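Me: I should like to learn how to read the features of a protein model one by one. Could you take me through an example?

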Amino acid sequence: MDTFFKAHFNARPTLQAFIAEFEKELIRRHELEAQAELDTTYTKPTLKTASPIEKQAAEIYTRAVFDRFQEEFVQSIGYRYDQIKSGVVSKYSVARHDGDEETFIVSFDASKKRADCSCNKFEFSGILCGHILTIFIIFDLRMLPEEYILNRWTRNAKSSAVVDERAQESTILRYNDILGDATKCAEKASTSVEVYKVAKEAIQKAFAEIAAAEKNVSRGAQRDAININEESTIDDNLNDMSLYIPPHV
C-alpha cells in the first residue's frame, strides 16, 4: 500500500480521486496476473539441473514462483554446510561460501522429512530457502515434502469461481480466459479427424448460444432503458399531483 501511494499520489488525495486510482490499480494488477497465468500455461521453464526436485517444482508451481524457487535451488547446490548437532533432530550450519560470516541454522527431522531454518524465508514467502534445500540434497530427498508446497503458489490455485469473478472487471481478463480455453480445445481437436468433428460441432453449438446470449443482453438493456423512462414519467406525474392543492370545500 505504501508503494501504491508513493507511485500515484504526491499529496493527500480526495476520496473520489483515491477510489478512481485504486480501481485502476486493481484492474492493472489483475491483467498482469492474467498474463502471468498465460505464461504459466503456455510456456515451459528451462531446467538447469537433472534433479527430480527441480522437475517437480517446474510442474506444480506457477512460472513466476518457479523462477524464484529455481534461483534458490541452483544456489543451494554450492552452499557450504557443517553438522553441529546429531540425533533425531539434527542441526546444520549453512552458508553461501567458505568463510562467509552470515550463516543460518537448519534443523532437520529425517524421519518426518521436516526442516526449519533460522532465516525464516519459508514462513515469510512460502518458498523454501536454499539453506533447507541444501539439507534436502545431502539427504537425497527426491521430492519436495507436501507441507512445503503451498497451494496458493501452484498452477491449480485459482478456482474457476475466482476467475469468473475477476473477469467481470476487465475485457482483457475475459479475453485471456476464453482464449486459454479455446487454445486447449484446438490442441485436443487437432489430434484426430474424429476429435476434430466433435470439437467443431461443439464450437458451432456454443457459438449459436453465444449469439443468443448477446441478443438477450441487448434486449435486457432496452427493457431497462424503457423501465427507467417509465419510472421517470410516473415520478414526474406524482410530483405534478403533489403540487396540486385541492380547494377547501
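The dialogue below goes from the overall fold to the core, a helix pair and single residues.

Me: Which pattern does the chain follow along the sequence?

Reply: It is useful to begin with the order of helices and strands. This is a predicted model, and its chain has nine helices and four strands. Along the sequence they are arranged as α-α-α-α-β-β-β-β-α-α-α-α-α. Of the 249 residues, 25% count as buried. Among contacts with a separation of 6 or more, 45% come from residues 24 or more positions apart.

Me: Which residues of the largest nonpolar core touch the most other members?

Reply: A core is read through its members and the elements that supply them. Here the largest nonpolar core holds 27 residues, and F69, L128, I132, F136 and L144 touch the most other members. Two or more residues each are given to this core by α3 (52–60), α4 (63–76), β2 (89–95), β3 (103–109), β4 (114–117) and α6 (130–138).

Me: With which residues is L144 in contact, leaving aside neighbours within four places in sequence?

Reply: For L144, the list consists of I53, Q56, Y61, F69, L128, L133, F136 and I149.

Me: How should one read the packing of two helices, and at what angle do α4 and α6 pack?

Reply: One looks at the angle, the distance, the handedness and the residues in contact. The axes of α4 and α6 are 8 Å apart and form an angle of about 55°. The two helices are therefore oblique to each other, an angle from 35 to 65 degrees being neither roughly parallel nor roughly perpendicular. The crossing of α4 past α6 is right-handed. From α4 the contact takes F69, E72, F73 and S76, and from α6 it takes G130, L133, T134 and I137. By class, these comprise four nonpolar, three polar and one charged residues.

Me: Why is the spacing of such residues along a helix of interest?

Reply: An α-helix has 3.6 residues a turn, so residues three or four places apart point the same way. In α4, the contact with α6 includes F69, E72, F73 and S76.

Me: How many of the nine residues of α6 are buried?

Reply: Burial is judged residue by residue, with under 20% relative accessible area as the cut-off. In α6, seven of the nine residues are buried, so this helix is largely enclosed by the rest of the structure. The seven are G130, H131, I132, L133, T134, I135 and F136. Their cover includes α4, β1 (80–85), β2, β3 and β4.

Me: Which residue with a positive phi follows α6?

Reply: Backbone angles are read together with the place of the residue in the chain. The residue in question is D140, with a phi near 60°, although D140 is not a glycine. D140 is found in the loop between α6 and α7 (160–167), and its relative accessibility of 49% makes it partly exposed.

Me: Where is N120 found, and what is its phi?

Reply: N120 belongs to the loop between β4 and α5 (121–125). Its phi is positive, about 60°, although N120 is not a glycine. With a relative accessible area of 33%, N120 is partly exposed.

Me: In which helix does K55 lie?

Reply: K55 lies in α3, where it is partly exposed at a relative accessible area of 47%. Its C-alpha atom is separated by 9.6 Å from that of P45, 10 residues apart along the chain.

Technical notes:
Residues numbered from 1 in each chain as written. Predicted model: local features only at pLDDT ≥ 70, side-chain atom pairs only at ≥ 80, totals over all residues. Heavy atoms only, no water. Core = buried A, V, L, I, M, F, W, Y, C linked by side-chain atoms within 4.5 Å. Buried < 20%, exposed > 50% of the residue type's maximum accessible area, 1.4 Å probe, protein only. Contact = heavy atoms within 4.5 Å. Axes fitted to C-alpha atoms, helices over the stretch in contact; angles between N-to-C directions. Parallel < 35°, antiparallel > 145°, perpendicular 65-115°, else oblique. Left-handed = near helix turned anticlockwise from the far one by under 90°. Nonpolar A, V, L, I, M, F, W, Y, C, P; charged D, E, K, R; others polar.
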